[in-house]
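Student: I would like to learn how to read the features of a model like this one. Could you take me through it step by step?

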Amino acid sequence: MFRLCPPSESRIAFTMKVCFLVGTLGRGGAERQLVYMLRALKKCEINTRVLCLTKGESYEDEINALGVPIEWIGKSENRIVRLLQILTNLRRNPADVLQSSHFYTNIYVGAVGKFLKIPSIGAIRSDLFSEVKLHKFLGGWQISLPNFLIVNSMLAFRRAIETGLSSNNVEFVRNVVEAKANNTINYSKTNSVIRLLFVGRLDKNKRPERFIRLAEKLIGQFPQIALQFQIAGDGVLRGELELLAQKLNLSSEKLEFLGVCSDMSDIYRKADILVSTSEREGTSNVILEAMAYGLPVIATNVGGTPDILNEKCGILVEPAGEKQLFTAAEMLILDKDLRHRMGSEGQRYVKQNHSVERLQTQLENIYQKLIA
């Protein structure tokens with residue numbers, strides 16, 4: 001059993017156990033935020049463990065290094081079999097709170113929580129409506145079965161309330177960015193080379209082909225400026241995108257595919273502008289990371305992006321506005337001082353609003369509310 005600390009202490013005693021159910025531990029925003037949550041809970045001495053539907057993925061080593069055990073429960077693709085495996089696991093090793101890290105694992109967490117009478121927390125990592133639509137008839141169960149929902153954007157919060165959920169059972173928890181001591185803005189950068197960066201999965205939602213078309217237009221417009229474009233990430237569209245780059249005569253010196261990068265620090269430091277072309281987003285980890293490194297950001301006005309990006313630290317463009325995307329990039333390429341002002345403001349905002357300490361406090365408060 002767990003116990004609550006006295007009111008004068010704002011934390012839950014170390015005897016509390018939280019079990020996370022995750023769909024994957026591959027490189028992605030939800031998985032990165034899981035690592036931050038595990039770090040935060042370790043600081044307040046809450047015991048954690050992870051049940052995962054996949055195995056052999058990149059974040060496993062980092063989670064194991066925290067002393068958090070990971071158990072694979074995805075041997076079967078059948079949902080009923082998986083549900084029984086989770087039930088069996090929780091009976092053998094009970095938890096005080098069962099928490100999901102992905103929208104599609106909410107249904108397992110909610111069902112098992114109700115059956116075993118364990119408080120359950122679901123996750124909404126995007127704008128909610130697109131997630132519900134994607135999961136069709138199961139979408140409603142994904143948000144109704146858990147006792148509580150954590151969302152990472154105010155848009156998702158508002159939409160959750162619109163569906164009829166009580167505001168007492170939904171909380172907006174900001175994504176966390178790890179602020180490193182050497183995340184300083186390099187104001188000494190010259191204009192000899194200006195690097196524009198795209199970071200993310202190479203899939204239809206992120207729309208990286210728009211970044212490639214932008215590269216071709218900007219290079220044609222500014223032949224006198226040494227422009228370089230980089231794409232960090234991998235995915236199903238990689239081959240198609242490489243063919244598009246060849247078709248547009250973008251050599252590797254002009255447009256570089258970096259693939260999956262386990263450490264983005266040096267890439268962010270050398271970049272001048274981040275471009276995000278997503279069709280849907282919750283709160284983008286990539287945008288926050290770029291801001292933490294002092295980069296001005298051009299991003300589509302979707303999901304939770306306008307919650308973190310305003311005219312002081314970047315430029316919002318409409319999702320269908322490729323002309324707007326070009327105009328915004330042109331403005332930042334030609335104005336070095338504007339790039340620096342926006343980068344400095346973005347870095348200040350991230351330090352104030354997206355810290356691990358803030359996350360720790362919010363999680364403790366949520367758990368206390370649930371077990372009360």
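Tutor: Gladly. Keep in mind that this is a predicted model. Let us begin with a pair of residues on neighbouring strands: Val18 stands opposite Val97 in S4. The strands involved are S1, residues 17-22, and S4, and they run parallel, joined by four bridges.

Student: Which strand does S4 pair with over two bridges?

Tutor: That is strand S5, residues 120-124, again in the parallel sense. Here Gln99 of S4 stands opposite Ile121 in S5. To get from S4 to S5 the chain passes through helix H4, residues 106-116, and this β-α-β crossover is right-handed.

Student: How do I read the side chains along a strand such as S4?

Tutor: The general idea is that in a regular strand the side chains alternate between the two faces of the sheet. In S4 (residues 97-100), Val97 and Gln99 point one way, while Leu98 and Ser100 point the other way. All four are buried.

Student: In what order do the strands of the seven-stranded sheet lie?

Tutor: Reading across this open sheet, the order is S3-S2-S1-S4-S5-S6-S7, with parallel pairing. At the edges stand S3 (70-72) and S7 (170-172); each has a single partner strand, so one side of each is left without a neighbour in the sheet. On average, neighbouring strands are turned by 20 degrees against each other, direction ignored. Helix H3, residues 79-92, packs on this sheet and touches S1, S2 (47-52), S3 and S4. The direction of H3 makes about 160 degrees with that of S2.

Student: What is the order of the six-stranded sheet?

Tutor: That open sheet reads S10-S9-S8-S11-S12-S13, also with parallel pairing. Its edge strands are S10 (255-259) and S13 (314-317), and each has a single partner, so one side of each lacks a neighbour in the sheet. The average turn between neighbouring strands is 20 degrees here, direction ignored. Helix H13 (residues 322-334) packs on the sheet, in contact with S8, S9, S11 (273-276), S12 (297-300) and S13. Compared with the direction of S13, that of H13 makes about 165 degrees.

Student: Over how many bridges do S8 and S9 pair?

Tutor: Over six, in the parallel sense, between residues 194-199 of S8 and residues 227-232 of S9. One residue pair to look at is Leu197 with its bridge partner in S9, Gln230.

Student: How should I think about nonpolar cores?

Tutor: In soluble globular proteins, nonpolar side chains tend to be buried together. In this model the largest nonpolar core has 34 residues. Those with the most contacts inside this core are Leu196, Leu218, Leu227, Phe229, Leu255 and Ile298. Take Leu255 as a case: setting aside residues up to four places away in sequence, Leu255 touches Phe211, Ile212, Phe229, Gln230, Ile231, Ala245 and Leu250. Apart from that core lies another, of 33 residues, among them Tyr36, Phe148, Val176 and Tyr367.

Student: And how do I examine single residues, say Ala30? Is Ala30 buried or exposed?

Tutor: Ala30 is buried, with a relative accessible area of 14%. Ala30 sits in helix H1, residues 29-43. Look also at residues distant in sequence: Ala30 and Ala123 are 93 residues apart along the chain, yet their C-alpha atoms are separated by 9.3 Å. Leaving aside neighbours within four places in sequence, Ala30 is in contact with Ser101, His102, Arg125 and Asn285.

Student: Where is Ser126?

Tutor: Ser126 lies in the loop between S5 and helix H5 (129-134). Ser126 is buried, with a relative accessible area of 11%. Not counting residues up to four places away in sequence, its contacts are Glu131, Asn152, Ser153, Ala156, Arg280, Glu281 and Gly282.

Student: How many disulfides are there?

Tutor: A disulfide is a covalent bond between the sulfur atoms of two cysteines. The count here is zero.

Student: Why does Cys19 form no such bond?

Tutor: Check the distance to the closest cysteine sulfur: for Cys19 that sulfur is in Cys52, at 11 Å, which is too far for a bond. Taken from the side of Cys52, the closest cysteine sulfur is in Cys19, at 11 Å and likewise too far. Cys19 counts as buried, at 0% relative accessibility. Cys52 is also buried, at 0%.

Note on methods: Residues are numbered from 1 along each chain as its sequence is written. This is a predicted model: local features need pLDDT of at least 70, side-chain atom pairs count only at pLDDT 80 or more; totals for chains, interfaces and linings use all residues. Side-chain values use heavy atoms; hydrogens and water are left out. Two strands pair if DSSP finds at least two bridges between them. Axes are lines fitted to C-alpha atoms, for helices over the stretch in contact, and angles run from 0 to 180 degrees between N-to-C directions. Contact means heavy atoms within 4.5 Å. A disulfide is a pair of cysteine sulfur atoms within 2.5 Å. Buried means under 20% relative accessible area, exposed over 50%, partly exposed in between (1.4 Å probe, protein chains only). A crossover is right-handed if, with the strands pointing away from the viewer, the path from the first strand over the helix to the second runs clockwise. A nonpolar core is a set of buried Ala, Val, Leu, Ile, Met, Phe, Trp, Tyr and Cys residues joined through side-chain atoms within 4.5 Å.
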